[in-house]
Amino acid sequence: MKNIARRKFMHLSAAAVAGLVVVPSREAKSQDMPMLAESDPVAQSLKYTHDANAVDPASRANPAAEQNCSNCALIQGDEGATWRPCQIFPGKLVNNNGWCAVWAPKA
Ligand code: SF4
């Protein structure tokens, strides 16, 4: 019985150490990401802009008011950061005040 508990402890410890190794590298990776350029072909196809105020609300498919990246369900990273990862543009950072046609409200 002691061997089983010890084995389980060792597995959990190994998993915990692996988690500690992965988390810092993810954060460092996010900081090293380039900013998404408005000229990026995918950004253009989704009408991405760094400034949500530049978008005519009437042109949006989703009429919800006050849409920007900071209140989009797909934004990631730290709340206070100006440039943050987005699930739609992997490997790039979007502006917190930006917008694209995929905008979705946070739940
Ligand atoms: Fe911004 Fe959301 Fe579009 Fe990402 S999906 S660029 S967070 S509006």
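**Entry 1. Cavity**

I began with the largest cavity, and its volume came to about 80 Å³. For the search I took a cavity as a set of points, on a 1 Å grid over the protein atoms alone, where a 1.4 Å probe fits but cannot get out. Grid points are joined across faces, edges and corners, and the volume is the space filled by probe spheres set on the points. Rolling a probe the size of a water molecule over the atoms shows where empty space is left. I counted one cavity of 30 Å³ or more.

I note here that the model is predicted, that local features need pLDDT of at least 70 and side-chain atom pairs count only at pLDDT 80 or more, while totals for chains, interfaces and linings use all residues. Residues are numbered from 1 along each chain as its sequence is written, and side-chain values use heavy atoms, with hydrogens and water left out.

Which residues line the largest cavity? I listed Tyr48, Cys69, Cys72, Leu74, Ile75, Cys86, Ile88, Phe89, Val94, Cys100, Val102 and Trp103 (lining residues have an atom within 4 Å of a point). By class, I recorded twelve nonpolar, no polar and no charged residues in this lining. In that scheme Ala, Val, Leu, Ile, Met, Phe, Trp, Tyr, Cys and Pro count as nonpolar, Asp, Glu, Lys and Arg as charged, and the others, Gly among them, as polar.

**Entry 2. Chain layout**

I found two helices and two strands in the chain, in the order α-α-β-β along the sequence. Helices (H or I, at least four residues) and strands (E, at least two) are DSSP runs, numbered from the N terminus. Of the 107 residues, 24% are buried. Buried means under 20% relative accessible area, exposed over 50%, and partly exposed in between, with a 1.4 Å probe and protein chains only. Among contacts (heavy atoms within 4.5 Å) with a separation of 6 or more, 61% join residues 24 or more positions apart.

**Entry 3. Nonpolar cores**

I took a nonpolar core as a set of buried Ala, Val, Leu, Ile, Met, Phe, Trp, Tyr and Cys residues joined through side-chain atoms within 4.5 Å. Which residues make up the largest nonpolar core? I recorded nine in all: Leu36, Ala43, Tyr48, Cys69, Ile75, Cys86, Phe89, Val94 and Cys100. Apart from this core lies another, of six residues, including Val55, Cys72, Leu74 and Trp99.

I then looked up Cys69, a member of the largest core. Leaving out residues up to four places away in sequence, Cys69 touches Tyr48, Ile75, Val94, Asn95, Asn96, Gly98 and Trp99.

**Entry 4. Leu93 and Leu46**

Leu93 lies in strand β2, residues 93-95. I asked whether Leu93 is buried or exposed. Leu93 counts as buried because its relative accessibility is 8%. Beyond four places in sequence, I found Leu93 touching Ser30, Met33, Pro34, Met35, Leu36, Trp83, Arg84 and Pro85.

Leu46 sits in the loop between α2 and β1. Leu46 and Cys100 are 54 residues apart in sequence, yet their C-alpha atoms are 5.6 Å apart in space. With neighbours within four places left aside, Leu46 is in contact with Ile88, Phe89, Cys100, Ala101 and Val102.

**Entry 5. Salt bridges**

How many salt bridges does a search of the whole structure find? I obtained two, a salt bridge being a side-chain nitrogen of Lys or Arg within 4 Å of a carboxyl oxygen of Asp or Glu.

Lys92 pairs with Asp40, with the closest N and O atoms 3.3 Å apart. Lys92 lies in the loop between β1 (83-85) and β2 and Asp40 in the loop between α1 (2-32) and α2 (41-45), so this pair ties together parts that are 52 residues apart in sequence. Lys92 is partly exposed at 26%, whereas Asp40 counts as buried at 16%.

Lys106 pairs with Glu79, with the closest N and O atoms 3.7 Å apart. This pair links Lys106, in the segment after β2, with Glu79, in the loop between α2 and β1, 27 residues apart. Lys106 is partly exposed at 38%, and Glu79 is exposed at 58%.

**Entry 6. Positive phi**

Most residues other than glycine have a negative phi. I noted Lys47, with a positive phi near 60 degrees, and Glu66, with a positive phi of about 50 degrees. Lys47 is placed in the loop between α2 and β1, and Glu66 is likewise in the loop between α2 and β1. Lys47 counts as exposed at 53% relative accessibility, and Glu66 counts as exposed at 67%.

Notes. On a 1 Å grid over the protein atoms alone, a cavity is a set of points where a 1.4 Å probe fits but cannot get out, and a pocket is an open set with protein on both sides within 12 Å along at least five of seven lines; lining residues have an atom within 4 Å of a point.
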